[in-house]
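Trainee: Please take me through a close look at one part of this model: a charged side chain and its partner. Then go on to the other side-chain contacts and the space inside.

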Amino acid sequence: MMISVIGGGYVGLVSSVCFAELGHSVNLVEIDEEKTEAINAAIPCMHEKGLEELLLKYVGTRLKARSDYSCVAETDISFLCVGTPSSGDGSPDLTMIESACRMIGTSLDGRVGRHTIVVKSTVPPGTTENRLVPLVMGSSNKMLSEMGFAVNPEFLREGLAIQDFLMPDRIVIGSSDKAAGDAVEAAYRGLDLPIIRTTMATAEMIKYASNAFLAAKISFSNEIGNICKRLGIDAYDVLRCVGMDHRIGPHFLNAGVGFGGSCFPKDVAALISLAEGLGESTSMLRAIMDVNERQPFKIIELLEQRAGDLMGKRIAVLGLAFKNDTDDIRDSRSIPVIRELKRRGALVAAYDPQAIRNMRKVINGIDYCNSAAEALRMADACLVMTEWPEFGELDDEFDLMSSRIIIEGRRVLCCDDSEGICW
Ligand code: UGA
């Protein structure tokens, strides 16, 4: 198939290389020319496992990035992968996706033949049908019968996105009509997995409900973990057994310093905003966020219990990315932790294998180090904030500290004398 992917961010770029891997020709439309040039030079703009290899394999053959929409008319199907960030009230800001729809519509004006537009971006239920379809139709002058619309949410975890794209648990396709759904299904031909066909609004809701449920598992685990900590019980011993019940499942029960990233906080906030607009109660959803907002302060509290007043103390912070295997720091739990450490007068020495460049744009006035050992040297205490596997190999490096207070916000270390936020 000839596919357009709109948006060269994390979802768009991963989808583009994976559609190329499935045998399609892909035009990636990214309006940022610097990004376009980098993609066409097979330089990944983010740290994502396997991305560079696939770029090197397909750039110049099955994959081409462009900074204008004219190529959309040459393709059969467009996947919209632009951001829908949170606006002030929690609802998603649809400016970018609305503008992309107008641009696609304009580029299809005069084109003969059917084109299917697929929304991969996360948007509230009803958005595609009620807001995006009219925008495309209004700018394309085409008949509705010449257009197909679909919603195909992504379930990609950063760091594992290529694996998640090529081996997902399911593919959800909501469509305006059967032909549109068939066109999306054809794009995934070759993957042997369950495909769920449904309405567009249902597909949109499945994405929000999935992310909110995963976030709920984490906040639940954290609350149980906080209780365990008080009782001197290891939350991991408890939750490992809880997860053995097939009705619960073993995943996303890792208690710690809370969830970050570009998705869970934004999507739970959007669901709250949506529910409130409908006059529905949001006590569960609010609790997910409340626990998550408190969790970074639990680690500071524990640190202060062990190290005393933080004024003038050197605190090593290991891990800045919101999770391992990514350089993404969006809503990373390290941000509120470092800000609070600074507010209390601590001197922060921070290290992350990938995310320092991004964190420098958000936080200054701390000591960014080139290695964990450098951050640990003469530190009065250490906080582990991201589960990078390399932290699990640290050993003698902790001897460099001036006092050995090691607190984990994520369970990753092997040393015996570390203490966890929930264990
Ligand atoms: C999440 C979902 O997992 C994807 O399915 C979804 O497609 C994506 O959002 C999205 O909507 O685009 P992602 O944010 O990349 O993916 O990362 P996760 O692996 O889900 O981790 C999110 C946060 O939860 C991280 O900060 C992680 O450390 C934390 N987490 C995860 C825990 O604290 N405990 C756990 O047990 C699991």
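Mentor: Start with Arg-333. Its relative accessibility is 8%. The cut-off for buried is under 20%, so Arg-333 counts as buried. Keep in mind that this is a predicted model. Arg-333 has a charged partner, Asp-331, and their side chains meet in a salt bridge, with 3.6 Å from N to O. Asp-331 is partly exposed, because its relative accessibility is 39%. One end of this bridge is therefore buried, while the other end is partly exposed.

Now widen the view. The whole structure holds 28 salt bridges. Take Arg-131 and Glu-98. Their closest N and O atoms are 2.6 Å apart. Arg-131 sits in helix 5 (residues 127-140) and Glu-98 in helix 4 (residues 95-108), so this pair links distant parts of the chain, 33 residues apart. Look at the burial too. Glu-98 counts as buried, at 14% relative accessibility. Arg-131 is partly exposed, with a relative accessible area of 43%.

Next comes Asp-182, which forms a salt bridge with Arg-197. Here the closest N and O atoms are 3.0 Å apart. Asp-182 belongs to helix 7 (residues 178-187) and Arg-197 to strand 8 (residues 195-198), so the bridge ties together parts that are 15 residues apart in sequence. Both ends can be checked for exposure. Asp-182 is partly exposed at 31% relative accessible area, and Arg-197 is partly exposed at 33%. This pair does not stand alone: Lys-178, Asp-182, Glu-185 and Arg-197 are linked in a network of salt bridges.

Turn to the rings. The count is 8 aromatic pairs. One of them joins Phe-19 and Phe-165 edge-to-face, 5.1 Å centre to centre, with 90° between the planes. Phe-19 lies in helix 1 (residues 10-21) and Phe-165 in helix 6, so the pair ties together parts 146 residues apart in sequence. Phe-19 counts as buried, at 0% relative accessibility. Phe-165 counts as buried as well, at 4%.

Compare another edge-to-face pair, Phe-252 and Phe-264: 6.2 Å centre to centre, 65° between the planes. Phe-252 lies in the loop between helix 9 (235-242) and helix 10 (264-277), and Phe-264 lies in helix 10, so this pair ties together parts 12 residues apart in sequence. Phe-252 is partly exposed, with a relative accessible area of 29%, whereas Phe-264 counts as buried at 12%.

Go back to Phe-19 and Phe-165 for a moment. Ring pairs link them with Phe-79 and Tyr-188 into a cluster.

A charge can also meet a ring. The charged end of Arg-170 sits over the ring of Phe-155, 3.7 Å from its centre.

Phe-155 leads to the last stop, the cavity. There is 1 cavity of 30 Å³ or more. The volume of the largest cavity is about 120 Å³. Its lining has 13 residues, and Lys-120, Pro-153, Glu-154, Phe-155 and Pro-168 lie nearest its centre. Helix 6 (161-166) and strand 7 (171-175) are the elements that give two or more residues to this lining. By type, the lining divides into 8 nonpolar, 1 polar and 4 charged residues. So Phe-155 appears twice: under the charged end of Arg-170, and among the residues nearest the cavity centre.

Terms used: Residues numbered from 1 in each chain as written. Predicted model: local features only at pLDDT ≥ 70, side-chain atom pairs only at ≥ 80, totals over all residues. Heavy atoms only, no water. 1 Å grid on protein atoms, 1.4 Å probe; cavity = no way out; pocket = protein on both sides within 12 Å on 5 of 7 lines; lining within 4 Å. Points joined across faces, edges and corners; volume = space filled by probe spheres on them. Helix = DSSP H or I, 4+ residues; strand = E, 2+ residues; numbered from the N terminus. Nonpolar A, V, L, I, M, F, W, Y, C, P; charged D, E, K, R; others polar. Phe/Tyr/Trp six-rings, centres within 6.5 Å; stacked < 30°, edge-to-face > 60°. Buried < 20%, exposed > 50% of the residue type's maximum accessible area, 1.4 Å probe, protein only. Lys NZ or Arg CZ within 6 Å of the ring centre and 35° of its normal. Salt bridge = Lys/Arg side-chain N within 4 Å of Asp/Glu carboxyl O.
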